[in-house]
Amino acid sequence: MTTFVDRVVLHMQAGDGGHGCVSIHREKFKPFGGPDGGNGGHGGSVSLVVDAQVTTLLDFHFRPHLKAENGKGGAGSNRDGANGRDLVIKVPNGTVVQSLDGEVLADLVGVGTTFEAARGGRGGRGNASLANARRKAPGFAELGEPGDKLDVVLELKSVADVGLVGFPSAGKSSLISVISAAKPKIADYPFTTLVPNLGVVRVDNHTFTVADVPGLIPGAATGKGLGLEFLRHVERCAVLVHVVDTATLEPGRDPLADIDAIELELSQYGGLADRPRLVALNKVDVPDGKDLADIVRPDLEARGFRVFDVSTATREGLRELTYAMAELVEEGRRAAPPAEPTRIVIRPKAVDDAGFTIEAEVDGSYTVRGSRPERWVKQTNFDNDEAVGYLADRLARLGVEEKLAKAGAQAGDLVRIGEREFDWQPTLYAGVDFVPGNRGTDVRLEEKSNRPSASDRLAARKARRVRPEDEIEAAPAPAEPDSE
């Protein structure tokens with residue numbers, strides 16, 4: 001059973017932010033000491049980092065669901081919740097991060113390269129942080145923001161300087177075993193190599209890596225066999241070496257036909273035409289193999305190939321081959337552009353950028369899109385009228401109310417912000433210096449009742465006690481007392 005996995009699907013979820021706390025400070029002889037609810041902690045993020053000790057994606061094959069720690073909620077006495085711990089995932093060098101649709105999100109090459117795949121949610125503010133001159137004791141707090149959820153495909157493309165390509169049983173594994181310390185599985189039947197093997201070769205002062213790429217047969221570039229799964233490992237190789245079996249007994253096989261078949265697959269895969277090639281005619285220790293190598297060498301050299309007669313059994317010609325590999329690798333490294341540090345790109349917002357857009361839908365509704373409005377809606381507790389009124393004030397100050405009116409929205413129209421839907425009711429109080437009432441309530445959200453208020457009932461009672469003017473005029477005048 002193989003222990004090499006080079007393509008997995010990961011389901012990553014960042015931690016949710018902790019909720020803010022609603023608390024009022026109370027102590028002896030001081031029943032109302034003001035708000036003291038703490039803020040919630042931020043959720044942990046999920047990041048991918050290249051580690052030199054990791055060479056396969058096998059661990060993620062058995063554990064594809066990864067989640068960072070949630071932030072803790074705030075508490076009274078101005079105690080903030082703890083932040084969730086970030087989840088750092090170690091991946092091999094050469095890992096490509098893609099979306100499920102095939103879009104490349106990051107190409108992780110180089111030890112220490114880091115990519116933040118999912119950002120943790122922000123913690124909600126407690127009522128102590130929400131207090132201001134007008135709202136001295138808020139009766140609400142913000143909810144924690146949910147963390148990002150992301151499904152990605154991790155694809156490993158081995159980072160090797162030299163790639164050994166050829167038909168099965170051509171001797172690629174044997175060659176990498178004698179020129180490096182790699183110990184691949186070697187046997188006398190086809191498809192012994194089921195996974196790419198990497199070896200480190202040192203020639204004088206030159207050190208480079210060699211990859212044995214298995215599974216290349218006619219039709220590999222179109223998905224036949226496992227060739228398409230392993231062709232990706234050739235992409236990063238600076239030099240390609242054709243390993244040809246000169247002692248094969250299979251009918252219809254000869255070195256020229258083998259090289260033509262492999263070149264056809266490489267050209268169909270694409271992007272490899274500029275890589276320098278070498279040809280290693282293997283198994284020249286066999287008499288028939290030596291004779292065939294002498295026959296095909298002039299034709300290969302006429303095509304522009306540098307040809308080497310080698311034998312992994314007697315180690316004939318390996319020194320010359322490794323020196324040629326090192327020479328081409330060094331030429332490629334010198335020709336490569338110098339590595340530049342990662343540039344920090346600053347993209348300032350436009351002067352007229354309001355931070356949100358309003359789209360009129362075909363069904364007559366309106367959709368508000370923007371990071372701030374959507375985040376504010378996620379952090380609002382809609383079971384608390386005061387929190388809903390606070391959200392209305394924030395949206396009005398941002399200009400959402402005004403732009404909805406300019407877009408043609410009428411009272412009662414459906415408005416969507418994020419995952420929430422509202423029946424738009426424009427109010428004159430939103431966004432102005434509104435003084436809130438009791439904690440947890442908002443008079444702007446109270447439904448109008450037909451029942452008269454207490455002051456109206458008192459005025460009606462006094463009116464009933466006052467005699468009408470016509471009754472006062474019709475009443476007889478009181479009799480005057482007799483005078484003596």
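The questions and answers below concern a predicted model.

Q: How many of the residues of β13 are buried?
A: One side of β13 carries Arg277, Val279 and Leu281, and the other carries Leu278, Ala280 and Asn282. In a regular strand the side chains alternate between the two faces of the sheet. Both faces of β13 are covered. The strand is therefore largely enclosed by the rest of the structure, and the number of its residues that are buried is six of six.

Q: Which residue of β13 stands opposite Val241?
A: β12 and β13 run parallel and are joined by six bridges. Within β13, the residue opposite Val241 is Leu278.

Q: Which residue in β14 is the bridge partner of Ala280?
A: Strand β14 covers residues 306-309 and runs parallel to β13, with four bridges between them. The partner of Ala280 in β14 is Phe308.

Q: Is Asn282 buried or exposed?
A: Asn282 belongs to strand β13. Its C-alpha atom is 8.8 Å from that of Leu175, although 107 residues separate the two in sequence. Buried means under 20% relative accessible area. The value for Asn282 is 2%, so this residue is buried.

Q: Which element gives the largest share of the largest nonpolar core?
A: This core has 25 residues, and Val162, Leu164, Phe208 and Val241 touch the most other members. The elements that give two or more residues to it include β9, α3, β13 and α7. The largest share is seven residues, and it comes from α7.

Q: What end-to-end distance do the C-alpha atoms of helix α5 have, and why does it agree with the expected span?
A: Helix α5 covers residues 255-269, which makes 15 residues. The expected span is 1.5 Å times one less than the number of residues. For α5 this rule gives 21 Å, and the agreement follows because its end C-alpha atoms are apart by 21 Å.

Q: Which residue caps the N-terminal end of α5?
A: A side-chain oxygen of the capping residue lies 3.0 Å from the backbone nitrogen of Leu256. Leu256 is among the buried residues of α5, as are Pro255 and Asp258. The cap is Asp254.

Q: Which residue follows α5, and what is the sign of its phi?
A: The residue after α5 is Gly270. Its phi is near 90°, and the sign is positive.

Q: Why is the pair of Phe140 and Tyr390 called tilted?
A: A pair of aromatic rings is described by the distance of the centres and the angle of the planes. The structure holds two aromatic pairs. In the pair of Phe140 and Tyr390 the centres are 5.2 Å apart and the planes are at 45°, so the pair is tilted.

Q: How many residues apart are Phe140 and Tyr390?
A: Phe140 lies in the loop between α2 and β8, while Tyr390 lies in helix α9. Phe140 is buried at 3% relative accessibility, and Tyr390 is buried at 13%. The pair links distant parts of the chain, and the separation is 250 residues.

Q: What is the angle between the planes of Phe382 and Phe422?
A: The rings of Phe382 and Phe422 form a tilted aromatic pair, 5.8 Å centre to centre. Phe382 is in the loop between α8 and α9 and Phe422 is in strand β18, so the pair ties together parts 40 residues apart in sequence. The angle between the planes is 40°.

Q: Which residue takes a positive phi in the hairpin of β15 and β16?
A: Strands β15 and β16 run antiparallel and are joined by four bridges. One of the pairings sets Glu359 against Thr367 in β16. Five residues lie between the strands, and the one with a positive phi near 90° is Gly364.

Q: Which residue takes a positive phi in the hairpin of β5 and β6?
A: Strands β5 and β6 pair in the antiparallel sense over four bridges. Gln98 has Val104 as its bridge partner in β6. The hairpin has four residues between its strands, and the residue with a positive phi near 95° is Gly102.

Q: Is Arg315 buried or exposed?
A: Arg315 is not a glycine, yet its phi is positive, about 65°. Most residues other than glycine have a negative phi. Arg315 is in the loop between β14 and α7. Its relative accessible area is 53%, so Arg315 is exposed.

Terms used:
Residues numbered from 1 in each chain as written. Predicted model: local features only at pLDDT ≥ 70, side-chain atom pairs only at ≥ 80, totals over all residues. Heavy atoms only, no water. Pairing = 2+ DSSP bridges. Buried < 20%, exposed > 50% of the residue type's maximum accessible area, 1.4 Å probe, protein only. Polar contact = N/O pair within 3.5 Å; in protein donor to acceptor, adjacent residues only side chain to side chain. Phe/Tyr/Trp six-rings, centres within 6.5 Å; stacked < 30°, edge-to-face > 60°. Core = buried A, V, L, I, M, F, W, Y, C linked by side-chain atoms within 4.5 Å.
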